[in-house]
Amino acid sequence: MFGEIHRHYEEIDSTNRVALDWNDAPHGALVSADSQTNGRGRLGRKWESPSAKGLYFSVITRPKIENRAIMALVAALALAKSLESSTNLNFKIKWPNDLLCRGQKIGGLLCESRDERTIVGIGLNLTHQLEDLPTRPLFPASSLLLLGGQQFSGDWLLPAILQTLEGQFERLENGDWPRLKTELEARLWGVGEIVRVGEKMGILRGLDNGGHLQIHTSNGLESVVAGDVSWV
Ligand code: BTN
């Protein structure tokens, strides 16, 4: 069961770092913290992790087939589904790893691998006030409190998220990626809109079979493996 083996810290640099260093952790082991001094975000960014305002945790997985891009997306799907059951809010996924609610970033995922382990790191803003959040020009950061007007307890949300995550990963291991992909595409932010990722510009169409973003450019359908999506 995900989270059965659990290391919790009041304060730590990064739960992903601890999880990466935990060599003999079993599949589903959990590392969580009340605050992080060096929470890691994608592309070398920092993840603000003030004490007891968010959920900061990493799940160690030992997948049969390692595909980090797909695992991060399926984890984002699990997070969205679980939060929808626990709150009355709706969530979208901004490729590759942002969880959005009403166009605002409420959570993020960072998957990292070492040896045969893939670490799924999740940060979720729960009770942040505006002054706790970094300023972002597009997709401003927000929290469940600011958007849902309610205090959601991490102790209550975390077990539900872990259970959903375990279930969605089982589907993935059992070959259900085609249906997971369809579910993801239904939640993907910006489908049908004109976007730019690095040099590429075109209409966002969905995901390819590897979990990469598909954009219809002047050269036809192209896949984007990494980068930040911006809207034109
Ligand atoms: C992003 O949006 O760039 C991804 C942010 C991921 C943050 C989480 S918080 C728990 C885990 N530990 C880390 O150091 N990072 C992830």
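In this predicted model, R171 sits in helix α4. The residue has a relative accessible area of 17% and is therefore buried, the cut-off for that class being under 20%. Setting aside neighbours within four places in sequence, R171 makes contact with K81, D176, R179, L180 and E183. Two of these partners return below in the description of helix α5: R179 is listed there among the exposed residues, and L180 among the buried ones.

The helix that holds R171 deserves a closer look. Helix α4 runs from residue 154 to residue 173, 20 residues in total, and spans 28 Å between its first and last C-alpha atoms, close to the 28 Å expected at 1.5 Å a residue. Its N-terminal end is capped by S153, where a side-chain oxygen is placed 3.2 Å from the backbone nitrogen of D155. Beyond the other end comes G175, a residue with a positive phi near 85°. The buried residues of α4 are G154, L157, L158, I161, L162, T164, L165, E166, Q168, F169, R171 and L172. Their cover includes the strands β2 (29-36), β3 (54-61) and β7 (117-125), together with the helices α2 (68-86), α3 (144-148) and α5 (177-187).

Helix α5 in turn has W177, L180, K181, L184 and R187 as its buried residues. Viewed down the axis of α5, these residues fall within an arc of 120°, so they line one face of the helix. The face turned away from that buried side bears the exposed residues P178, R179, T182 and A186. Among the elements that cover the buried residues of α5 are helices α2 and α4, along with strands β4 (92-94) and β9 (200-207). Helices α4 and α5 thus appear in each other's cover: α5 is listed for the buried residues of α4, and α4 for those of α5.

Attention now turns to two loop positions. T127 is found in the loop between β7 and α3, and both of these elements also help to cover the buried residues of α4. With a relative accessibility of 14%, T127 counts as buried. Its contacts, not counting residues up to four places away in sequence, are A52, K53, D132, S143, L145 and Q151.

D13 belongs to the loop between β1 (6-12) and α1 (15-21). Its relative accessibility is 25%, and D13 therefore counts as partly exposed. The side chains of D13 and R17 are joined by a polar contact of 2.9 Å. Beyond four places in sequence, D13 touches V18, Q36, T37, N38 and G39. The C-alpha atom of D13 is separated by 31 Å from that of E173, a residue 160 places away along the chain.

The ligand brings several further residues into the picture. It is surrounded by 21 residues, of which S14, T15, R40, R42 and K105 are the closest. T15 places a polar side-chain atom 3.0 Å from a nitrogen atom of the ligand. Q36, already met as a contact of D13, likewise has a polar side-chain atom 3.0 Å from a ligand nitrogen. R40 takes part through its backbone, with an N or O atom lying 2.7 Å from an oxygen atom of the ligand. Of the 420 Å² of accessible area that the ligand has on its own, the protein covers 98%.

Terms used:
Residues are numbered from 1 along each chain as its sequence is written. This is a predicted model: local features need pLDDT of at least 70, side-chain atom pairs count only at pLDDT 80 or more; totals for chains, interfaces and linings use all residues. Side-chain values use heavy atoms; hydrogens and water are left out. Helices (H or I, at least four residues) and strands (E, at least two) are DSSP runs, numbered from the N terminus. The expected span of a helix is 1.5 Å times one less than its number of residues. Buried means under 20% relative accessible area, exposed over 50%, partly exposed in between (1.4 Å probe, protein chains only). Contact means heavy atoms within 4.5 Å. A polar contact is a pair of N or O atoms within 3.5 Å; within protein, one must be able to donate a hydrogen and the other to accept it, and residues adjacent in sequence count only if both atoms are side-chain atoms. A residue is near a molecule or strand if one of its heavy atoms lies within 4 Å of it. Accessible areas come from the Shrake-Rupley method with a 1.4 Å probe; for residues, only the protein chains shown count as cover. The arc is that of the directions from the helix axis to the C-beta atoms.
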